[in-house]
Amino acid sequence: MAQIIIPTPLRKFTNNQAKIDSNKNTVQAAIEDLAKQYPNFQKHLLDEAGQIHPFIKIFVGEDDILDLDKEQTTLENNTIVSIIPAIAGGSYNYYNLLK
Amino acid sequence: MLLTTISEIPLVQKVHQLEKQIGNTPLIPIRNVFWKKDVQLLVKLEWQQLGASVKTRPAFNIIKSAIGRGLLHQGIRLLDATSGNTGIAYAHISAVLGIPLTIVLPENASKERKRILKALGVELIYTSKFGGTDEAQEKAQDLATKYPDLYYYADQYSNPANWQAHQLTTAPEIWEQTQQKITHFVAGLGTTGTFVGTSKGLKAFNPNIQSIALQPGTALHGLEGWKHLETAKVPAIYDTTLADQHLEISTLEAYNYVKQIAKKEGLLVSPSAAANLAGAIKVAKQLDKGTVVTLFPDDASKYGEVLQQLF
């Protein structure tokens, strides 16, 4: 079971859950599943074509999925998936959860 | 003949000399991306000043105010958390004034920004890429609390000198450059300093001027410096009474305008500048008559990754 860390600004769309377990095998499937479970979450992550917004970076463990197999990066048991904006600004503070 | 070296010039005099290089940016009409009879759309090219962005105005005023109050001098380090243009603006000003500068920034700030800051002699302290600017702010606050004799913590999100810079400079410039004809002011919300200060200043000249606040359409976005207030920490300096209207701009809309502004107006601007224009055009389309003003906070020179994606 992989674990997706929900960034603080998006938690209001996941009933304030900070971590969500996923039994999906790839990043794309896990994100789509998340968007299906929490419909209001969808527009913040996916574009109209269902693709992850280009200004969002997804990390699997410490690695950017762009350096792995992109959206098809496989998820293993206990993998931590992090969603962060491509730019460094904003107001996101969920690092403490990873400690 | 007696020569005076620059290090011997008193700090207050250096500040006074530097003031001439802050603000006074050109206001130009947009005619090709948008045109409507009897509606004028004007933008201020804020990169045409020292530090190459709108942030030079608040950075300078924050520094000037701290020096004036005796809180900042050449024997103490200026400290703030910023991943963007404010840090670069501090760096340019501090270099001229001989004030040492420490910037706390998330490690995922762009390479271009880190390179500029290093070139200007800034000490950089990195925080995690997962923590964003909130964690950088916490780190800066910790340092300031732990070493009060070493640092002056500027805290741009809470410092009134931020918005006052725009009340004192941006608003009167717009008022004069439009020959008192401005009817609508449009700007995105980040630290909210530009929107708050310029709106206050303009409404003091004419209370009928409408202020339109822009926000990103989604919590995570690609508009450097902007905040989605519904989900972000609202800056202490934000004044909720000022906005006559709120509009949302998506990152993709902004990217589309980056392309259009380049091809039709001959200006290569940042995504947040393009987002400001997107908002101003939405406002202008609703009018039969009026003068709509917005700012282009910076050009595209620090957005290599975005340009690579778009062109």
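**Exercise 1. Which side chain does a polar contact of 2.7 Å join to that of B:Lys44?**

Before the solution, a word on the model. It is predicted, with local features requiring pLDDT of at least 70, side-chain atom pairs counting only at pLDDT 80 or more, and totals for chains, interfaces and linings using all residues. Residues are numbered from 1 along each chain as its sequence is written, chains are lettered from A and ligands numbered from 1 in the order in which they are written, and side-chain values use heavy atoms, with hydrogens and water left out.

*Step 1.* Find B:Lys44 in strand E2 (residues 39–45) of chain B. Strands (E, at least two residues) and helices (H or I, at least four) are DSSP runs, numbered from the N terminus.

*Step 2.* Check its cover: B:Lys44 has a relative accessible area of 0% and is buried. Buried means under 20% relative accessible area, exposed over 50%, and partly exposed in between (1.4 Å probe, protein chains only).

*Step 3.* List the neighbours. Leaving out residues up to four places away in sequence, B:Lys44 touches several residues, including B:Arg57, B:Glu173, B:Gln177 and B:Phe296. Contact here means heavy atoms within 4.5 Å.

*Step 4.* Pick the partner: the side chain of B:Gln177 makes the 2.7 Å polar contact with that of B:Lys44. A polar contact is a pair of N or O atoms within 3.5 Å; within protein, one must be able to donate a hydrogen and the other to accept it, and residues adjacent in sequence count only if both atoms are side-chain atoms.

**Exercise 2. Trace the open sheet E5-E4-E3-E6 of chain B and place the helices on it.**

*Step 1.* The 4 strands pair in the parallel sense. Two strands pair if DSSP finds at least two bridges between them.

*Step 2.* Strand E5 (123–127) and strand E6 (151–153) of chain B are the edges, each pairing on one side only. Neighbouring strands are turned by 25° against each other on average, direction ignored.

*Step 3.* Strand E3 (residues 77–81) and strand E4 (residues 101–106) of chain B are joined by 4 bridges, and B:Leu78 stands opposite B:Leu101 in E4(B).

*Step 4.* Now add helix H3 (residues 85–97) of chain B, which lies across E3 and E4 of chain B at about 165° to E4(B). Helix H4 (residues 111–119) of chain B touches E4 and E5 of chain B, at about 150° to E5(B). Axes are lines fitted to C-alpha atoms, for helices over the stretch in contact, and angles run from 0 to 180 degrees between N-to-C directions.

**Exercise 3. Why is strand E3 (residues 56–60) of chain A described as largely enclosed?**

*Step 1.* Set the scene: chain A has 3 helices and 5 strands, in the order β-β-α-α-β-β-β-α from the N terminus.

*Step 2.* Count the cover: 4 of the 5 residues of E3(A) are buried, so the rest of the structure largely encloses this strand. For the whole chain, 49% of the 99 residues of chain A count as buried.

*Step 3.* Look at its partner. E3(A) runs antiparallel to strand E4 (residues 63–64) of chain A, with 2 bridges between them; A:Phe59 has A:Asp64 as its bridge partner.

*Step 4.* Finish at the turn: 2 residues separate the strands of this hairpin, and A:Gly61 takes a positive phi near 65°.
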